[in-house]
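Got the viewer open? Let's take a walk through this one, a stop at a time.

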Amino acid sequence: MLVEAAVKAAKEAFPIWSSKSPLERSQILNKLADLIEHDLEAFAQAESKDQGKTITFARTVDIPRAVHNFRFFASSILHHVTECTEMPTMGCVHYTSRAPVGVAGLISPWNLPLYLLTWKIAPAIACGNTVVAKPSEMTSVTAWMMCKLMEKAGVPPGVVNVVFGAGAKAGEALVCHPDVPLISFTGSTLTAQRITEKSAPHCKRLSLELGGKNPAIIFDDADLGQCIPTTVRSSFANQGEICLCTSRIFVQRGIYSEFLKRFVEETKKWKTGNPSDPTINVGALISKEHLEKVRNYVKKAQAEGARVLCGEGVDPLALPPGNQKGYFMLPTVIAEVKDESCCMQEEIFGPVTCVVPFDTEEEVIRRANGVKYGLAATVWSGNVGRVHRVAHRLQSGLVWTNCWLVRDLNLPFGGMKASGIGREGAKDSYEFFTEVKTITIKH
Ligand code: NAD
């Protein structure tokens with residue numbers, strides 16, 4: 001019922017919104033960005049409480065990026081040009097014309113709630129579509145807060161409709177709705193398979209941003225002073241609940257022992273505790289079920305003979321006063337794990353990372369590519385030729401060398417293999433959220 005009403009409202013708002021100029025839409029997006037930024041602290045507090053993530057992460061990453069998403073697409077929509085070619089011998093000119101598609105269905109996960117929701121809403125409405133968005137049922141507070149700012153920002157009624165509900169019901173109703181021609185989804189590979197199946201009878205346009213099992217490859221000429229703290233961050237930021245987090249660390253054998261020692265020391269500096277304390281690095285996991293799932297991976301690795309070097313089951317975890325029922329877990333480093341182990345193959349999506357040695361470049365490329373996912377890889381080396389060579393051969397939509405999570409929103413974002421279909425970014429999102437037509441004129 002709710003989805004039906006939301007799609008109806010979006011459909012009715014489409015003719016007026018799609019006929020506004022890019023500049024008019026841009027001004028409204030900028031106003032919305034200003035309003036969220038004005039309330040940044042309230043949004044950050046709400047996001048931290050809702051999910052258990054640290055207040056520092058919410059303040060410095062989640063909410064600023066949500067603001068930036070609106071500003072970025074407010075600007076980028078003003079700069080797209082269409083193509084034109086001439087055929088003098090035929091006396092013809094060809095050009096492309098783009099138009100918004102209609103009502104966009106946007107489905108997002110719980111780990112970066114407002115950040116990922118606005119990464120879809122901003123390009124969709126900037127291009128002139130109207131939307132029905134369904135945030136994760138586990139984290140809907142900041143989406144609700146954003147809805148309350150829409151009218152003040154000048155977003156006309158019906159342009160942005162947010163439906164709060166469970167995936168199997170509200171999400172699936174959106175996916176199956178005949179008046180929603182495109183679905184942009186971020187979430188697990190399993191849900192994406194279901195969405196693909198359910199949307200197939202309608203031949204919907206799909207963008208799927210899915211899970212990862214991301215490798216970090218550390219060669220013996222890497223600058224460990226930079227590499228170690230960054231790899232701790234890439235493994236454990238946001239409790240490891242980021243699709244781009246590192247969960248397999250391949251270290252060249254000559255530096256393996258030194259790396260392990262220093263990596264564990266650095267990991268132990270990360271403080272787990274009350275998410276609202278700004279000095280805390282690791283907050284609570286999203287739910288009891290998720291905590292159990294993540295812990296089980298550690299148990300399975302131990303049962304297979306792997307060694308837990310720090311964290312779960314090895315170091316004492318003092319639950320913070322006032323958070324005695326929270327779903328906390330220490331950042332956990334596992335060594336001596338076999339490549340075929342589920343810890344090295346499946347997405348854990350928690351504060352657990354595996355460290356294993358390798359000998360040659362050829363070998364590590366093969367092993368890094370030996371999973372079903374292909375989202376984000378990291379390569380650490382001082383050899384420019386090598387980082388180019390390795391980056392080209394990794395089956396991964398994103399490859400960071402000597403850094404992690406440095407993004408330019410202009411460029412394509414997304415995964416290969418089971419990590420997704422399609423890309424997001426200035427040009428890619430514009431192409432996804434508009435229909436193109438080629439027009440030929442004979443003169
Ligand atoms: P999920 O797939 O369980 O849920 C994602 C969204 O889909 C939620 O809003 C949920 O309600 C909805 N949903 C569930 N079943 C549905 C159905 N049958 N039809 C339509 N919608 C349905 O994922 P999650 O647990 O919320 O998020 C974690 C996953 O998201 C991880 O796998 C992570 O890697 C992935 N993720 C990927 C990216 C990326 O950009 N590649 C970013 C963040 C998270």
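Keep in mind as you go that this is a predicted model.

**Stop one: the big core.** Start by selecting I36, F70, I121, M146, V160 and L244, the residues with the most contacts inside the largest nonpolar core, which has 66 residues. Now colour by domain: at least three residues of this core come from domain 1 (2–210 + 419–442), and at least three from domain 2 (214–401).

Which residues does F70 touch once its neighbours within four places in sequence are set aside? Show its surroundings and you'll find L29, L32, A33, I36, T118, I121, A122 and M146. A second core lies apart from the largest one; this other core has 30 residues, including F219, I348, I365 and A377. Hang on to I365 and A377, as we'll be back for both. As background, nonpolar side chains tend to be buried together in soluble globular proteins.

**Stop two: the two domains.** Keep the domain colours on. The protein chain is split into domain 1 (2–210 + 419–442) and domain 2 (214–401), with their C-alpha centres 31 Å apart. Where they meet, domain 1 puts 18 residues into the contact and domain 2 puts in 23.

**Stop three: the ligand.** Select the ligand and expand to its shell: 29 residues surround it, and the closest are S108, E137, T191, L210 and E347. Then switch on distances and look at the ligand's oxygen atoms:

- S188: a polar side-chain atom sits 2.7 Å from a ligand oxygen.
- K134: here a polar side-chain atom is 2.9 Å from an oxygen of the ligand.
- G167: this one uses the backbone, with a polar atom 3.3 Å from a ligand oxygen.

How much of the ligand does the protein bury? Of the 860 Å² that the ligand exposes when taken alone, 89% is buried by the protein.

For the secondary structure around the ligand, highlight α7 (167–176), β6 (182–186) and α8 (189–199), each of which supplies at least two residues of the shell. The top contributor is α7, with 4 residues.

**Stop four: helix α13.** Move on to residues 361–368. Helix α13 is largely enclosed by the rest of the structure, because 6 of its 8 residues are buried. Select those buried residues: E361, E363, V364, I365, R367 and A368. There's I365 again, which also belongs to the 30-residue core. What do the buried residues of α13 pack against? Turn on β8 (214–218), β9 (246–252), β12 (352–358) and α14 (384–393), and you have the elements around them.

Zoom in on E363, which is part of α13. At 16% relative accessibility, E363 counts as buried, since the cut-off is under 20%. Its side chain makes a polar contact of 2.6 Å with that of R367. General helix geometry is worth recalling here: an α-helix has 3.6 residues a turn, so residues three or four places apart point the same way. Looking beyond four places in sequence, E363 touches P357 and F358.

**Last stop: A377.** Select strand β14 (residues 376–380) and pick out A377. Is A377 buried or exposed? It counts as buried, because its relative accessibility is 0%. With neighbours up to four places away left out, A377 is in contact with P215, L394, S396, L398, V399 and W400. Finally, draw a C-alpha to C-alpha line from A377 to G397: they are 20 residues apart in sequence and 8.2 Å apart in space.

Conventions: Residues are numbered from 1 along each chain as its sequence is written. This is a predicted model: local features need pLDDT of at least 70, side-chain atom pairs count only at pLDDT 80 or more; totals for chains, interfaces and linings use all residues. Side-chain values use heavy atoms; hydrogens and water are left out. A nonpolar core is a set of buried Ala, Val, Leu, Ile, Met, Phe, Trp, Tyr and Cys residues joined through side-chain atoms within 4.5 Å. Buried means under 20% relative accessible area, exposed over 50%, partly exposed in between (1.4 Å probe, protein chains only). Domain bounds come from an automatic or database domain assignment. Contact means heavy atoms within 4.5 Å. A residue is near a molecule or strand if one of its heavy atoms lies within 4 Å of it. A polar contact is a pair of N or O atoms within 3.5 Å; within protein, one must be able to donate a hydrogen and the other to accept it, and residues adjacent in sequence count only if both atoms are side-chain atoms. Accessible areas come from the Shrake-Rupley method with a 1.4 Å probe; for residues, only the protein chains shown count as cover.
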